[in-house]
Amino acid sequence: MTIDDLDARLIALLTEEPRLGVLECSRRLAVARGTVQARLDRLIARGVITGFGPDVSPEALGYGVTAFVSMEIRQIAGHDPVADRLAAIPEVLEVHTITGDSDLLCRVVARTNADLQRVIDRIVDVQGVLRTNSIIALDTPVPYRVLPLVADVPRRS
């Protein structure tokens, strides 16, 4: 899937300032409003842009501990039933199926290290979870980002 320079500039602009309207984007990119709207619609339809929600800081909400929990699961029914149960735990922010010694990897948050134990206990109680392994994140020197990928995507002519 390729994007052109205008698509990349539009994505960068909306990543930096997600509250901008189409008219302001068109003014800043020096293209017609209809062009911006059409590009935006196409990028959404192709699944390149997946949302416009606010980025929320778990730390600002009182969840100062981030951890990654890998788990081995009973795979008789597959990953989905376990993932659905994990999704019911508010502190579980992401669940990924993975390769290697474990089956799933979760990014979780907790208020304190003691609270992390409570979260892990809830994860272990999920039917189908056999074993977990946890790693506590100390810092996030490179936060989640996609703009370097946008800048690196081959452009169509």
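1. Contact here means heavy atoms within 4.5 Å. On that basis, and leaving out residues up to four places away in sequence, serine 102 touches Ser70, Met71 and Glu72. The model is predicted, and the points below should be read with that in mind.

2. Serine 102 sits in the loop between strand 2 and strand 3. The relative accessible area of serine 102 is 14%; the cut-off for buried is under 20%, so serine 102 is classed as buried. Of its contacts, Ser70 is also a polar partner: the side chains of serine 102 and serine 70 are joined by a polar contact of 3.5 Å.

3. Aspartate 103 is placed in the loop between strand 2 and strand 3 as well. Aspartate 103 is buried but has no salt bridge. Arginine 74 carries the nearest side chain of opposite charge, and that side chain is 10 Å away. What the side chain of aspartate 103 does reach is the backbone nitrogen of isoleucine 73, at 2.8 Å.

4. The surroundings of aspartate 103, not counting residues up to four places away in sequence, consist of Met71, Glu72, Ile73, Gln75, His79, His96, Thr97 and Ile98. Met71 and Glu72 are also among the residues that serine 102 touches. A reader checking the protonation of aspartate 103 will find two histidines, His79 and His96, in its contact list.

5. Helix 5 covers residues 113-124, twelve residues in total. From its first C-alpha to its last, helix 5 reaches 16 Å, close to the 16 Å expected at 1.5 Å a residue. At the N-terminal end, threonine 112 acts as the cap, with a side-chain oxygen 3.3 Å from the backbone nitrogen of alanine 114.

6. Which residues of helix 5 are buried? They are Asp115, Leu116, Val119, Ile120 and Ile123. These residues lie on the same side of helix 5, because they cover an arc of only 145° around the axis. The elements covering them include strand 1 (65-73), helix 4 (80-87), strand 2 (92-97), strand 3 (104-110) and strand 4 (129-137).

7. Asp115, one of the buried residues of helix 5, is charged and does have a partner. Arginine 118 forms a salt bridge with aspartate 115, and the closest N and O atoms are 2.6 Å apart. The two are separated by about one helical turn, because they are three residues apart in helix 5. Aspartate 115 counts as buried at 13% relative accessibility, whereas arginine 118, at 34%, counts as partly exposed. Aspartate 103, by contrast, is buried with no salt bridge.

8. Serine 134 belongs to strand 4 and is partly exposed, with a relative accessible area of 31%. Leaving aside neighbours within four places in sequence, serine 134 is in contact with Phe68, Val69 and Ile120. Ile120 is one of the buried residues of helix 5. Serine 134 and histidine 96 are 38 residues apart in sequence, and their C-alpha atoms are 15 Å apart in space.

9. Helix 1 (residues 5-16) has twelve residues and spans 16 Å between its first and last C-alpha, close to the 16 Å expected at 1.5 Å a residue. Aspartate 4 caps the N-terminal end of helix 1, placing a side-chain oxygen 3.2 Å from the backbone nitrogen of leucine 6. The buried residues of helix 1 are Leu6, Asp7, Ala8, Leu10, Ile11, Leu13 and Leu14. They pack against helix 2 (22-29), helix 3 (33-45) and helix 6 (147-152).

10. The salt-bridge count comes to ten. Asp4, Asp7, Arg39 and Arg42 are linked in a network of salt bridges. Asp4 is also the cap of helix 1, and Asp7 is among the buried residues of helix 1.

11. Glutamate 24 meets both arginine 27 and arginine 28 in salt bridges: the N to O distance is 2.4 Å for arginine 27 and 2.8 Å for arginine 28. Glutamate 24 and arginine 27 are three residues apart in helix 2, and so are separated by about one helical turn. Arginine 28 lies four residues from glutamate 24 in helix 2, about one turn of the helix. Glutamate 24 is partly exposed at 23% relative accessible area, arginine 28 is partly exposed at 38%, and arginine 27 counts as exposed at 56%.

Note on methods:
Residues are numbered from 1 along each chain as its sequence is written. This is a predicted model: local features need pLDDT of at least 70, side-chain atom pairs count only at pLDDT 80 or more; totals for chains, interfaces and linings use all residues. Side-chain values use heavy atoms; hydrogens and water are left out. The expected span of a helix is 1.5 Å times one less than its number of residues. Buried means under 20% relative accessible area, exposed over 50%, partly exposed in between (1.4 Å probe, protein chains only). The arc is that of the directions from the helix axis to the C-beta atoms. A polar contact is a pair of N or O atoms within 3.5 Å; within protein, one must be able to donate a hydrogen and the other to accept it, and residues adjacent in sequence count only if both atoms are side-chain atoms. Lys and Arg count as positive and Asp and Glu as negative; His and the chain ends are not counted. A salt bridge is a side-chain nitrogen of Lys or Arg within 4 Å of a carboxyl oxygen of Asp or Glu.
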